[in-house]
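Student: I'm new to this one and would like a close look at a single part. Could you show me the model before we start?

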Amino acid sequence: MTTHPPVIVYPPAAGGRRVTIHGQIVGLAHGRGDVAEFLRRAGVSDAEEIPLADPALIEWRGGDLDYWPRSE
């Protein structure tokens, strides 16, 4: 059985990237700061301390943490 990290950031769509924590949708992120804020609100840890590049914590689908759709 394959296990996934608790946080998944999905490919860009509808102007942002959907974020789930333990399978629950927590919001649509428009940048790294939004992902960190969702994790802070969920009690993961202090937003400034969150290792967004840690594959054990976050699975980035359809692009890495530097890939965000452009606003039109």
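Student: How many helices and strands are there in the protein? And once that's clear, please walk me through the salt bridges.

Tutor: Sure! Keep in mind that this is a predicted model. The protein has one helix and four strands. Starting at the N terminus, the order is β-β-β-α-β. The protein has 72 residues, and 35% of them count as buried. Its accessible surface is about 4700 Å², with 51% of that belonging to carbon and sulfur atoms. If you look at contacts between residues at least 6 apart in sequence, 40% of them join residues at least 24 apart.

Now for the part you asked about. The structure holds four salt bridges, and I'll take you through some of them, beginning with Asp-66 and Arg-32. The side chains of these two meet with an N to O distance of 2.5 Å. Arg-32 belongs to helix 1, which covers residues 32–41, while Asp-66 sits in the segment after strand 4 (58–60), so this salt bridge ties together parts that are 34 residues apart in sequence. How open are the two partners? Asp-66 is exposed, at a relative accessible area of 53%, and Arg-32 counts as partly exposed, at 39%.

Let's stay with helix 1 and move along to Glu-37. Its side chain meets that of Arg-40 in a salt bridge, again given as N to O, at 2.5 Å. Both Glu-37 and Arg-40 lie in helix 1, and they are three residues apart, about one turn of the helix. Glu-37 is partly exposed, with a relative accessible area of 23%. Buried means under 20%, so at 23% Glu-37 falls on the partly exposed side of that cut-off. Arg-40 is partly exposed too, at 40%.

Glu-37 has another partner to look at, Arg-41. In this salt bridge, the closest N and O atoms are 3.0 Å apart. Here too both residues are in helix 1, this time four residues apart, which is also described as about one turn of the helix. Arg-41 counts as exposed, with 62% relative accessibility. Put these pairs together and you get one network: Glu-37, Arg-40 and Arg-41 are joined by salt bridges that share partners.

So, when you go back to the picture, try finding helix 1 and picking out Glu-37 with Arg-40 and Arg-41. Then look for Arg-32, also in helix 1, and follow its salt bridge across to Asp-66 in the segment after strand 4.

Note on methods. Residues are numbered from 1 along each chain as its sequence is written. This is a predicted model: local features need pLDDT of at least 70, side-chain atom pairs count only at pLDDT 80 or more; totals for chains, interfaces and linings use all residues. Side-chain values use heavy atoms; hydrogens and water are left out. Helices (H or I, at least four residues) and strands (E, at least two) are DSSP runs, numbered from the N terminus. Buried means under 20% relative accessible area, exposed over 50%, partly exposed in between (1.4 Å probe, protein chains only). Contact means heavy atoms within 4.5 Å. Accessible areas come from the Shrake-Rupley method with a 1.4 Å probe; for residues, only the protein chains shown count as cover.
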